[in-house]
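Colleague: Could you walk me through the pockets here, slowly, as I'm new to this?

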Amino acid sequence: MKKRSIILFICIFCCFAALVFFVLGAKLKAASAQPNKVETKVFHLYAADMEQEVAQGTTLYSWGFGLWDPKKNAPASPPSVPGPEIRVKEGDHVKVVFHNQQKEVHTIHFHGVDNSFAGDGTPDMSQHPTMKGDSFTYEFDAKHAGTYYYHCHVEPDRHPEMGLYGAFIEEPKQAKYKTDGEFTLLLSERDPLLSLAEGTEAHQYVGTAAEHLHLAGDYDTTERKAKYYMINGKVYPEIPPLHVKEGGTYLIRLINAGSEVHTFHTHGHHFKVVASDGRDISNPMSKDSITIGPGEKYDLLLKADNPGIWPIHCHMGPHDTHGMHMMMVYDKYHDKMNHGSTSPVSDIKHHLALLKQYQFEKNYDSMKPEIKEIIQGIQGFYSIASSDHFEEWTALDNAAATVNKLLNSTLNQAALQDSINDLEQKINTMEIGLQSGDPS
């Protein structure tokens, strides 16, 4: 009897063990059939012609990246310099579809990203350059959180400088630092002669910063001489300030997307260099200046512990004075800050640049709203100019009225060109007068 009980117990135990084994096996099989889901982030970019306004009224023929709407097969955003910032999470699978809408062939290289050979973006090596009207898809995994950027890799002495670059950020799964905000700063340069050469070849308006220049022969990039040194595509005072609060900690993602070496310097503050080219630094350095070469990226951690309004700029003198200069302003000092240019002519020059672009394109209907804006702007600073510059103001007002009259009558292209040239000359005369310090 005892022996029979033991046999029965063993049978029951074996059946139970078999059931457990079957259930666990089924779960393991299901798990192997459904691996951990990896999120795929899809972005559509395009390249196209544009006019880059580095400062109000100062424009350059450029090439920019923008967001593309694949459903409408049309731009989802206008092209810009820099291009749209792309952000993904560490571990994401990334898919970027490039749609070329520009006359030149282009590729995209994700600079610093451990990409596959097929997705490297090297023309005639890992891929054929993408021609106008065609598309190319880049796919890779975001393996290392960090600061990177993307740019065209066709003729890298021309295409990136024409504006084909943008920030690419891989955010960590878990925040590495407790911060109160972050800023991405892309440094770059522009030689207006390049815009003159490319715009003339493409039969496009070369921009106000290049239209009065002359090029003897072909443009030689070895003789390149930058005139505009930019942060995020703008020059001082057009670069928006970094707004901080006392006691806050801020991450600055610094990217050199240009072709020259720069030295980034913060007045009144030190920062810690916590990462270089997408890799953490085990022993962060505390500095107030850091030299960054072309293609390099740094992550800087700055403690806002010295209230005020502080310059941030490239410490190479000509780079600073030609635009690579911005401000960091604390909340309590915001009302004490001089917001951009004090010249009331700046906004008028912005509309003049658009007026001249539309004139080149023979888009006369679009010129009419611009001349109205110019007239309103001139009337808006009458009280400032009239006391010391009444004659100049009157001449300027009459010049704008002449352009407006010609645009609203039978078109005479020669007369319109002469009147716009006269208007531009009168605007420059007024600006010089207002900058002399007489009016306030």
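**The pockets**

Modeller: Sure! Let's start with the largest pocket: 31 residues line it, and those nearest its centre are Ala55, Gln56, Thr58, Tyr228 and Lys349. Helix H3 (317–321), helix H4 (345–360) and helix H7 (413–435) are the elements that each give two or more residues to that lining. Helices here are DSSP runs of H or I with at least four residues, strands are runs of E with at least two, and both are numbered from the N terminus. By "pocket" I mean an open set of points, on a 1 Å grid over the protein atoms alone, where a 1.4 Å probe fits, with protein on both sides within 12 Å along at least five of seven lines; a lining residue has an atom within 4 Å of a point.

This is a predicted model, where local features need pLDDT of at least 70 and side-chain atom pairs count only at pLDDT 80 or more, while totals for chains, interfaces and linings use all residues. Residues are numbered from 1 along each chain as its sequence is written, and side-chain values use heavy atoms, with hydrogens and water left out.

Back to the largest pocket: it holds about 720 Å³ of space, a volume being the space filled by probe spheres set on the grid points, which are joined across faces, edges and corners. Its lining has 9 nonpolar, 14 polar and 8 charged residues. Nonpolar covers Ala, Val, Leu, Ile, Met, Phe, Trp, Tyr, Cys and Pro, charged covers Asp, Glu, Lys and Arg, and the others, Gly among them, are polar.

The second largest pocket has a volume of about 270 Å³, and its lining includes 11 charged residues.
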